[in-house]
Amino acid sequence: MIEPPTYPPPGKAARNEQRKALASTCNASSVAFLGGAFLQPLVAGHANPWLFYGAMVSFLALQGALHYVLYRVED
């Protein structure tokens with residue numbers, strides 16, 4: 001026989017904190033991609049248009065994920 005778990009499910013505040021932590025991780029990752037793949041080669045003089053394109057796509061994708069996660073935060 002399988003018994004149901006005894007711990008209570010996470011409350012609204014816990015879910016909001018988890019969502020905010022995930023959004024913060026997406027934001028930090030997007031800024032790291034932008035800095036590592038776009039700004040650093042640009043400053044070093046090794047600009048590559050494909051690297052720039054990849055950095056911008058990853059930045060926009062992670063920012064989109066961030067806004068999607070934050071949209072789900074409950075009031």
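**Exercise 1. Place Trp-50 and Tyr-53 in the secondary structure and classify their ring pair.**

Solution. Trp-50 and Tyr-53 are both in helix α2, three residues apart, about one turn of the helix. Helices here are DSSP runs of H or I with at least four residues, strands are runs of E with at least two, and both are numbered from the N terminus. The model is predicted: local features need pLDDT of at least 70, side-chain atom pairs count only at pLDDT 80 or more, and totals for chains, interfaces and linings use all residues. Residues are numbered from 1 along each chain as its sequence is written, and side-chain values use heavy atoms, with hydrogens and water left out.

Next, the exposure. Trp-50 is exposed at 67% relative accessibility, and Tyr-53 is exposed at 53%. (Buried is under 20% relative accessible area, exposed over 50%, partly exposed in between, with a 1.4 Å probe and protein chains only.)

**Exercise 2. Classify the aromatic pairs of the structure.**

Solution. Step 1: a pair of aromatic rings is described by the distance of the centres and the angle of the planes. Rings of Phe, Tyr and Trp (its six-membered ring) pair if their centres lie within 6.5 Å; planes under 30 degrees apart are stacked, over 60 edge-to-face, and the rest tilted.

Step 2: there are two aromatic pairs in the structure. Phe-38 and Phe-52 make a tilted pair, at 4.7 Å centre to centre and 50° between the planes. Phe-38 belongs to helix α1 (residues 12–44) and Phe-52 to helix α2 (residues 49–71), so this pair ties together parts that are 14 residues apart in sequence.

Step 3: for Trp-50 and Tyr-53, the ring centres are 6.3 Å apart and the planes are at 90°, so the pair is edge-to-face.

Step 4: Phe-38 is partly exposed at 23% relative accessibility, and Phe-52 is partly exposed at 38%.

**Exercise 3. Describe the overall form of the protein.**

Solution. Step 1: the protein has two helices and zero strands. Its radius of gyration is 19 Å, well over the 11 Å that the globule rule gives for 75 residues, so the protein is more spread out than a compact globule. (The radius is taken over C-alpha atoms; the rule is 2.2 Å times the number of residues to the power 0.38.)

Step 2: the C-alpha trace spans about 65 × 35 × 15 Å along its principal axes.

Step 3: of the 75 residues, 17% are buried.

Step 4: among contacts with a separation of 6 or more, 77% join residues 24 or more positions apart, where contact means heavy atoms within 4.5 Å.
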